[in-house]
Amino acid sequence: MNQPIYVAAHHCISPLGFTSKDNFKQVFEGQSGITEQLNSSLLPNPFFAAKINEDQLNQYFTKLGEVSNYTVLERMMLIALQGVIEASGVDITAKTGLIISTTKGNIDVLSTKSKFDKQRAYLPVLAKVIQDFFGFQHQGIVVSNACVSGILSMAIAKRLIQQGVYENAFVVSGDLLSAFVLSGFASFQALCEGHCQPFSANRKGINLGEAAAAVFITKHAHECNERAIKIIGDGSCNDANHISGPSRTGEGLVQSMQQAFKEAGIGAQEIDYVSAHGTATLYNDEMEAIALDRMGLVDVPVNSLKGYYGHTLGTAGMIEAIIGFEALTQNQLIASKGFDELGVSKPINVIKENQQVPLHRFLKTASGFGGCNTAVLFEKLVG
C-alpha cells in the first residue's frame, strides 16, 4: 500500500480574492471574476476575461518585497506561496521540494514594452527567482504541460514524496493574461464574446483568466490539521490526438481516471462529485462528457468553475482543486455557473444550484493541448 500523502495547506489569489477562504466565499455566492476588458495592449477589441487588479496585487506584495524587482506573474506566485508557507507552519529543509507549474510563465517580458531582461521568460529562471526568494535548498522542478500543469504538479509532488525523494513539498502554480495567449485563442475563434457556459447547449467558447495558487503536500500526519485532504489516487495519460483538439473518444482522460481509481482502490460510484475541466468549447465539453459516461460517472454531480475564474491555463487544475477542498470541508456542492440546458451527447449530472450534502471524496480532471490529461482523487480526513 502506498504511503498516505496529504494536502495540508493551500492558498490562492485571483480576481475573486487573495485567500482560499475569500475565493470560496465568492464562488459560493455566485460571483464571477470575469468582466469586460478594454485593454488594447492585450487585444485590439473588447473581450471578457478574469484579470487581477494590479494595484491590489502591488499593495499585497509591498509586504514581501520591492514591486519593481518582480514581474506581475512572479508577484502573484510569490504571494500565493508565501501564504501557504505561513499556513503550513513548517520550516523549509533539505527534504523539502519545490515544484513550479505554469503554461507560459513570464511570456509578457518578451514585449518591447517590458523593462525586464528577456531571459526572465525562461521557465528555469522563473523557478530560480522563486527558489532564491524563499531559500529553498533544492532547485525548483518546473512542470509545464499545457493546461494540466497545476493538477499534474500536485500528482508529481505526491509521487516524489512516496518515492522518498522528499518528505514534503511546496507546489506553486501561476499564469497570467498576455497578448500572446489571448491572440492565440482568438486565432482559434475560441474566445466567448460574453460569459462562458460550460456544458451548455448555448456555449460559445472560453473566457481566459489569471490566478496563482499554492499547496503544501506532505507525508507527515503531524503536519496536518482536521482540514487536511488526502490524495488517494492519480493518473495522467497523453492521447496524442492533436495539437489543440481533444480525443473524440476521451481515451486519454478515461485512462487517466482508470489509473487514479485503481490506485485509490475504489469504484466510480464511491465519489461524491467531479470537478471537471469544462472549458465551454464545443469539443472539450463533449469529450469530457463521453469520458465520464465511459467511466460510469454520468449520475455523479459534476461542475466546471470556468464561469467563475475563466480558464486560468496551467493554474486551472490547482485553483479548482482548492475550491474542491473547501467544498469537501463545508459539505457544499457548487453550481456550475453559466449552465442552463445540457449541450453534450451524454446525460451528465451538471450541478445547477448550490447544494448542502455530505461529501467525502471528489475527482478533479484536467485536459490540455497536445492531448495531455490528468485525474486526481481527493478524500477529506474528518466527517
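These legends walk through four close-up views of a predicted model.

**View 1. An open sheet of eleven strands.** Let us begin with the sheet. Its strands follow the order S5-S4-S6-S8-S1-S9-S16-S15-S10-S11-S13, and their pairing is mixed. At the edges stand strand S5 (141-143) and strand S13 (349-350). Each of these two has a single partner strand, so one side of each is left without a neighbour in the sheet. Strands of a sheet pair through backbone hydrogen bonds, in either a parallel or an antiparallel sense. Inside this sheet, strand S6 (residues 168-175) and strand S8 (residues 211-218) give an antiparallel example, joined over eight bridges. To find your place in that pair, look for Ala169, which stands opposite Ile217 in S8.

**View 2. Helix H4 and its buried residues.** Next comes helix H4, which covers residues 123-134, twelve residues in total. From its first C-alpha to its last, H4 reaches 17 Å, close to the 16 Å expected at 1.5 Å a residue. Which residues of H4 are buried? They are Leu123, Leu126, Ala127, Val129, Ile130, Gln131 and Phe134. An α-helix has 3.6 residues a turn, so residues three or four places apart point the same way. The buried residues of H4 pack against helix H3 (72-88) and against three strands, S4 (96-101), S5 and S6. Just after H4 you will meet Gly135, whose phi is positive, at about 75°.

**View 3. Ala49 and its contacts.** Here we visit a single residue, Ala49, in strand S3 (residues 47-50). Ala49 counts as buried because its relative accessibility is 0%. Leaving aside residues up to four places away in sequence, Ala49 touches Gly33, Ile34, Thr35, Gln37, Leu177 and Leu208. For a sense of scale, Ala49 and Asn303 lie 254 residues apart along the chain, and their C-alpha atoms are separated by 20 Å.

**View 4. Cysteines without disulfides.** A disulfide is a covalent bond between the sulfur atoms of two cysteines. How many disulfides does the structure hold? The number is zero. Take Cys192: the closest cysteine sulfur, in Cys196, is 6.6 Å from its own sulfur, which is too far for a bond. Cys192 is also buried, with a relative accessible area of 10%. Cys372 tells a similar story, because its sulfur is 7.1 Å from the closest cysteine sulfur, in Cys147, again too far for a bond. Cys372 counts as buried too, at 2% relative accessibility.

How values were computed. Residues are numbered from 1 along each chain as its sequence is written. This is a predicted model: local features need pLDDT of at least 70, side-chain atom pairs count only at pLDDT 80 or more; totals for chains, interfaces and linings use all residues. Side-chain values use heavy atoms; hydrogens and water are left out. A disulfide is a pair of cysteine sulfur atoms within 2.5 Å. Buried means under 20% relative accessible area, exposed over 50%, partly exposed in between (1.4 Å probe, protein chains only). Two strands pair if DSSP finds at least two bridges between them. Helices (H or I, at least four residues) and strands (E, at least two) are DSSP runs, numbered from the N terminus. The expected span of a helix is 1.5 Å times one less than its number of residues. Contact means heavy atoms within 4.5 Å.
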